[in-house]
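I opened this one fresh and kept a notebook while looking things up. The entries are short and follow the order in which I looked.

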2 protein chains.
Amino acid sequence: MINTYVVRRVIAAVGATQKASYAQEFFKAVTAVNKGRGEKKSVAPRFTKKSHAKLSEYLRNMATPEIEAQLAPLRTAVKEYGDLVRALKASFFLFIIANFLFLREVSLAPKEASFDRLKLEDLLKRRFFYDQSFSIYGGVTGLYDFGPMGCALKANMIHEWRKHFVLEEGMLEVDCTSLTPEPVLRASGHVDRFADWMVKDIKTGECFRADHLIKNAAEKVISDKKADETMKTELRDVLARLEGFDDKDMLEVITKYNFKSPNTGNDLTPPIAFNLMFPSQIGPTGDFKAFLRPETAQGIFVNFKRLLEFNQGRLPFAAAQIGLGFRNEISPRQGLIRVREFTMCEIEHFVDPNNKSHPKFKKVSSYAMMLLSACNQMDGQSAQSISVGEAVEKGIVANETLGYYMARTHMYLVKVGVDPRRLRFRQHLNNEMAHYAQDCWDAEILTSYGWIECVGNADRSCYDLKQHSRATNTKLVAEKKLSEPRTVDIVEALANMTILGKEFKKDAKKVNFLRTLLKTVKYQENISELFKVHVEEITPSVIEPSFGIGRVMYAILEHSFRQREGDEQRTFLALRPLVAPIKCSVLPISANERLNPIIEAVREELSKHDLSYRVDDSAGSIGRRYARTDEIGIPFGVTVDFESEKQPFGSPSECIFQLTEVGGVVSALVNERMDWTMAQQKYPKFEAKSD
Amino acid sequence: MINTYVVRRVIAAVGATQKASYAQEFFKAVTAVNKGRGEKKSVAPRFTKKSHAKLSEYLRNMATPEIEAQLAPLRTAVKEYGDLVRALKASFFLFIIANFLFLREVSLAPKEASFDRLKLEDLLKRRFFYDQSFSIYGGVTGLYDFGPMGCALKANMIHEWRKHFVLEEGMLEVDCTSLTPEPVLRASGHVDRFADWMVKDIKTGECFRADHLIKNAAEKVISDKKADETMKTELRDVLARLEGFDDKDMLEVITKYNFKSPNTGNDLTPPIAFNLMFPSQIGPTGDFKAFLRPETAQGIFVNFKRLLEFNQGRLPFAAAQIGLGFRNEISPRQGLIRVREFTMCEIEHFVDPNNKSHPKFKKVSSYAMMLLSACNQMDGQSAQSISVGEAVEKGIVANETLGYYMARTHMYLVKVGVDPRRLRFRQHLNNEMAHYAQDCWDAEILTSYGWIECVGNADRSCYDLKQHSRATNTKLVAEKKLSEPRTVDIVEALANMTILGKEFKKDAKKVNFLRTLLKTVKYQENISELFKVHVEEITPSVIEPSFGIGRVMYAILEHSFRQREGDEQRTFLALRPLVAPIKCSVLPISANERLNPIIEAVREELSKHDLSYRVDDSAGSIGRRYARTDEIGIPFGVTVDFESEKQPFGSPSECIFQLTEVGGVVSALVNERMDWTMAQQKYPKFEAKSD
């Protein structure tokens, strides 16, 4: 904690000439920061060392070039004086300048940088958004149950997804089974390759994901002041390359740095591949092996023929699926970010591999997004804002269809409540791509866990269709009409009757026999002939946007979490009305029975418009009851008072409505056909009357 | 096939006096039937023997007392003349009278009795409502994928369910995991008791569900003309009691009647219990056993404490869950009726076991339903129409809450398209009740597979909460406020210091030691004291309506399936607009490009109101294109013609709308805020103009 008192004491110890200039500037900075945070002047910003570290980390992630320009000289000065300190032991200079940097950071950092995850988690648990599954049985890591609030939020997000993608883009939605026979997932490559490297404590058998173990152990060394600097540098390099490591690389690291089992200090086994699919079997015999699907995509691929037919044989078309995915994570942490059972929304857009243009691309081409390309990552540069049109033109994003879906994904995420400043697309590096992907851009959202992949946008090329086609000996192709008939040279094998006649005499004329013979080249006579063809068969490429709904939901909850200014214990969720679990609260001003018929009428009005509501007729003050509704993100409230008996009908700080208007107005506000400013212009403002 | 030619020939062989009267009446009957079926007069009704049998069967199930009264004398006559035939070989009398009965049946049977399942299945497959999963891999029995039409139908049914139950009744919806640890399902009784009896072919190992095998084998014997009549009678009795059979009963039947493996004729093993849950394991060690949940209910029970708290500790309240259930059926048949992975919608209504009244019961008490009580079944009576109020009053339905949910279930089913004439509630007999149920009424829907259980309405009493409470040593109770404080006699155990002092002297004063000692009765001195208590702890009873969405969907599809009069090859679905997968077709009258901007404007109008639509600009005639939209149950169509260019905008047989009205009107029609009669009164009728 840094306060003015400490600073004063330090400055008192500094030589007189420096004092004047530093002290003045420093106090100015303190005052400016405090003012920005709406606090009383006399109290300096209260930050623990940990929360300061978090804030710095946040700015390293998120700073705009302008912010960075302001911080850079201070950072340099801190480094310089740091060296000086070590040389001259002149610690007060370092202290003061480090504090300048800190204060500048606080004044430049947005509110969310001081986000308090524990407070959010407390709210989510207390108001039952979600919580660990089976906790009365001790709980299961990586499994979560959604309570009424989380369930409604999720349902609303999915409803919006269906509107935004399936309805607006005319997609073919399917609903396939989670149980998937083994041969299907063998063809898709999941049986052989959908695995994580795992190490075990050789004594207790406890299992760890090898890359997570290395990451944690390396970070521990790096943050250890006493550790060797050369080793730290090496381990920093390990962390940067970790995503691309195979088992041998990891074993080398574990052996070289002597990493141990974190809880016991025991030795570890070499990394072994652990398949992440949950196994089961279908039917009573026990010999029909199956898995729970790790993604919904395969259900779409195995239905490709039916879907193409449904679309009357035409390309391109998109199929979509909303459903469960299952991944048997080795040791899941991080709440909703890494779970074993989750809802996915996936789109498979089938397109001509030689023409990945998109008919609606023009509609989004000027839409700007933050992109972090593979090149930028290799060069150590940060994400840049660029229009999707320009990104495709410059070849940063490979094609229009991929770019179109990135833009539409971005729009959806912002619509349901992701903060666009904390949203970027990061291109996969070659060594981190899934086995089926040709190119991939992840929509990453910045949360307190760092940048989290929430939507993958992959070009799976024709990998899956070809694999299933091979495994089942089924044609999975579309017919493409050629712009003009193409003349092809078809070589047909005909019987060389001269040779045949010689060798087989009379028998040679029997057709069936001939057919067999013709398989032998010896009896063939190749005749080349020219044909005109109007169509060609192609295996479509697939562009796949794949949404992890739980992750997006968690990001929304973090981004909409607020603490009341001046009363930081009072927390609330500023959810977008579109996704808010409950749209409207109904708060009678008193428990007087005279209000009951009006409350009943309001309920009916809201139900008629399919609006979820919550009547809070408990004893608390209106203010306290509003706070309770804020906590679960209810965006609108209707107050019923005694004025309401005489028809018009108001909410305390805001507007007055006729009873019969309430449902329509709230519905229009929720569905964004009207905003609050419009409502205020249209309806009279409520003013408390003194009777 | 019976046609007038055959009848003429038979009558020609009959004596002259009988000829006149029979012939006249018979031809009258033929003509009447044909007229009713809209066929040309000269052709007699075409029915195969099989479809006639089906029709008779249907009437036996469904006939009203009035219909039955008309058929009874003919049935008696057929029986009488049957006996006569056997006695006198006077086959022509029997033939003619049997034909009278048949014709009367045809004229009295509703259209659905001649339902053709193959035709429906063809439509559902062709237009991809649903189809077998993984069929390019050979398919898996009991697993189905929903295509775009089935998926949208299902989504609409669920959306309506959520409105009808969760929203209107203010239920707490949750969303729990499918993966369920073994101890949870052991406590619920599923590990030990959720099993079917299975027999195996001793040579091939092929597995059969024992009751299904007995049923099929018995039915085969019964329909075998040569089989022994005593045996038939015995087997009819077996069929009637089969639901309550255990393994010994079944072994006895299999042995006694020498039933064999149906495909090979090999011997069968004795029945063994096969647990219907899909096993898996969680995490990498392999020792955390889990199952896929067989019902969503358990997720609600293990969250009871959180839900009660969410409801501020108050009873009654209802929780709901929409999600997957999994049952590893031994050998599933019957399409969507018996599947291994399915969507359930379940409600658990927690209520005071001593007061199962429902606050909204009055709203439904006059609602009438067909009830088939356990008593009625024992007495061989059929279902009777009765108001739910009367049913509860007479004790036929045990309590108001159960009755309320039966009525609300009935309303939902009718709303989404179940034919109310083919819907009844059947009470479970004691021996068929699930292990957790105290009373159960199944909503059964009549389909071509017979009466199918689609919704179970069970009173699970406090079974599940008590089981989980015991297994976890957790209190799963609610506090009930007593109407007036109750005085209870609380016996408190205090140390009898005299005895203690004597035996332990100085040590007796050490408090911790005393606590241990007090567990021994010998050292206790019981002091009875009177306390006033204001609350008591109760374990709530649970009323559970549980919907199998796939079964309801199949019933809806059967009930809405139609064949065009006079063109029986032209089939279509008369789905309720509320659940129809696509709400509106857009049919341009020609491919002329001038119509494109209008089509685009219509699309936007429909999208704005979240209405799914399908533009069919293919080459076919308007009539043919309408037929195509009928087939997938699109309830409304908008025709775009050249008149539309001049603003008003029409559909050929019907009304004219302004372009800007289209979305609003279709939306009002779909959501039943307006019906077609109202629309016709409000908007001018379209009349084709001759230019």
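Below are my entries, starting with the confidence scores and ending with two single residues.

**Entry 1: how far to trust it**

I noted at the start that this is a predicted model. I looked up the overall scores and found ipTM 0.83 and pTM 0.83. For chain A the mean pLDDT is 84, and 80% of the residues reach 70 or more. Where in chain A is confidence lowest, and where is it highest? I found the low end in helix α1 (residues 4-12) of chain A, with a mean of 47. The high end is helix α18 (residues 400-416) of chain A, at 98. I also checked the start of the chain: residues 1-7 of chain A have a pLDDT below 50. That stretch still has 14 contacts in the model beyond near neighbours in sequence.

**Entry 2: chain A as a whole**

I looked up the make-up of chain A and got 26 helices and 26 strands. The chain has 691 residues, and 51% of them count as buried. Then I turned to contacts with a separation of 6 or more: in chain A, 69% of these come from residues 24 or more positions apart. For the surface, I noted that chain A exposes about 33,700 Å². Carbon and sulfur atoms supply 52% of that area.

**Entry 3: one sheet in chain A**

I picked out an open sheet of three strands, in the order β6-β5-β7 (chain A), with antiparallel pairing. Which strands are at the edges? They are β6 (207-209) and β7 (272-275) of chain A, and each pairs on one side only. From one strand to the next, the twist averages 50 degrees. I saw that helix α10 (residues 210-222) of chain A packs on this sheet and touches β5 and β6 of chain A. The direction of that helix makes about 80 degrees with that of β6(A).

I then looked at how the strands are joined. Strand β5 (residues 195-200) of chain A runs antiparallel to β7(A), and four bridges join the two. As for who faces whom, I found A:Ala195 opposite A:Asn275 in β7(A).

**Entry 4: the two copies**

How large a turn lays chain B on chain A? I noted a turn of 180 degrees with a shift of 0.0 Å along the axis, giving an RMSD of 0.2 Å. The two copies are therefore related as by a two-fold rotation axis. I also looked up the residue of chain B that comes closest to the rotation axis, and got B:Ser280, at 2.7 Å (C-alpha). The same surface serves both copies, as 99% of the contact residues of chain B recur in chain A.

**Entry 5: two residues in chain B**

I clicked on B:Ser178, in the loop between β3 (172-174) and β4 (179-181) of chain B. Is this residue buried or exposed? B:Ser178 counts as buried, because its relative accessibility is 0%. Leaving out residues up to four places away in sequence, I listed what B:Ser178 touches. From chain A there are A:Leu324, A:Phe326 and A:Glu341. From chain B there are B:Phe291, B:Leu292, B:Arg293 and B:Phe326.

My last stop was B:Glu219, found in helix α10 (residues 210-222) of chain B. B:Glu219 is partly exposed, with a relative accessible area of 35%. I also checked B:Glu219 against B:Leu235, which is 16 residues away along the chain, and their C-alpha atoms are separated by 8.1 Å.

Key. Residues are numbered from 1 along each chain as its sequence is written. Chains are lettered from A and ligands numbered from 1 in the order in which they are written. This is a predicted model: local features need pLDDT of at least 70, side-chain atom pairs count only at pLDDT 80 or more; totals for chains, interfaces and linings use all residues. Side-chain values use heavy atoms; hydrogens and water are left out. Two strands pair if DSSP finds at least two bridges between them. Axes are lines fitted to C-alpha atoms, for helices over the stretch in contact, and angles run from 0 to 180 degrees between N-to-C directions. Contact means heavy atoms within 4.5 Å. Copies are superposed by least squares on the C-alpha atoms of residues with pLDDT of at least 70 in both. Buried means under 20% relative accessible area, exposed over 50%, partly exposed in between (1.4 Å probe, protein chains only). Accessible areas come from the Shrake-Rupley method with a 1.4 Å probe; for residues, only the protein chains shown count as cover. pLDDT is the predictor's confidence in each residue, from 0 to 100.
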